[in-house]
Amino acid sequence: MMMDSNTFELSLEQQFQLQCLHQEFQSLEREQVISYLLDTMQQLMMRDNHIRDLMKDSLL
């Protein structure tokens, strides 16, 4: 199965959300940005673990 190169591009909605976050971060203190980043990374890791577990379960 071949993947479409557009699969990895951001949608217009995602681009807008990213721009909004960028503007919001401009007003935050460094510590707040670091905290936000760490929380986001933790959520991404948890999502990755969940996807891995779902894939593992589907193979059984």
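1. I begin with N49, which has its place in helix α2. This is a predicted model, and in it N49 counts as partly exposed because its relative accessibility is 36%, a value that lies between the limits of 20% for buried and 50% for exposed. Computed along the sequence, N49 and L10 are 39 residues apart, and their C-alpha atoms are 23 Å apart in space.

2. As for the chain as a whole, its secondary structure comes to two helices and zero strands. Helix α1 covers residues 12–26, while helix α2 covers residues 30–59.

3. The overall dimensions deserve a comment of their own. The chain has a radius of gyration of 16 Å, whereas a compact globule of 60 residues would have one near 10 Å. Taken along the principal axes, the box filled by the C-alpha atoms is roughly 50 × 25 × 15 Å.

4. What share of the 60 residues in the chain is buried? The figure is 0%, with buried taken as under 20% relative accessible area. The chain exposes about 6,100 Å², and carbon and sulfur atoms supply 60% of that area.

5. The structure holds one aromatic pair. F25 and Y36 form this pair in an edge-to-face arrangement, with 5.0 Å from centre to centre and 75° between the planes. The pair links distant parts of the chain, since F25 belongs to helix α1 and Y36 to helix α2, 11 residues apart. Neither ring residue is classed as buried: F25 counts as partly exposed because its relative accessibility is 25%, and Y36 counts as partly exposed at 36%.

6. V33, which lies in helix α2, should be read together with the preceding point, as F25 appears again here. Leaving aside residues up to four places away in sequence, V33 touches F25 and L28. With a relative accessibility of 28%, V33 is itself partly exposed, so this residue falls above the 20% limit under which a residue would be called buried.

7. Which residues make the nonpolar surface patch of about 350 Å²? The patch is made by L37, M41, L44 and M45. Of these, M41 can be described further: it lies in helix α2, and its relative accessible area of 36% makes it partly exposed. That value also satisfies the patch rule, because residues are admitted to a patch at over 30% relative accessible area.

8. The count of salt bridges comes to two. In one of them the side chains of D48 and R47 meet, at 3.2 Å from N to O; D48 is partly exposed with a relative accessible area of 41%, and R47 is likewise partly exposed, with 46%.

9. The other salt bridge is formed by R52 with D53, where the closest N and O atoms are 3.5 Å apart, a distance that qualifies because the limit is 4 Å. Here too both partners carry the partly exposed label, R52 because its relative accessible area is 48% and D53 because its relative accessibility is 31%.

Definitions and conventions: Residues are numbered from 1 along each chain as its sequence is written. This is a predicted model: local features need pLDDT of at least 70, side-chain atom pairs count only at pLDDT 80 or more; totals for chains, interfaces and linings use all residues. Side-chain values use heavy atoms; hydrogens and water are left out. Helices (H or I, at least four residues) and strands (E, at least two) are DSSP runs, numbered from the N terminus. Buried means under 20% relative accessible area, exposed over 50%, partly exposed in between (1.4 Å probe, protein chains only). Contact means heavy atoms within 4.5 Å. Rings of Phe, Tyr and Trp (its six-membered ring) pair if their centres lie within 6.5 Å; planes under 30 degrees apart count as stacked, over 60 as edge-to-face and the rest as tilted. Patches are made of residues with over 30% relative accessible area and no salt bridge: like charges are joined within 9 Å, nonpolar side chains (Val, Leu, Ile, Met, Phe, Trp, Tyr) within 5 Å. Accessible areas come from the Shrake-Rupley method with a 1.4 Å probe; for residues, only the protein chains shown count as cover. The radius of gyration is taken over C-alpha atoms; the globule rule is 2.2 Å times the number of residues to the power 0.38.
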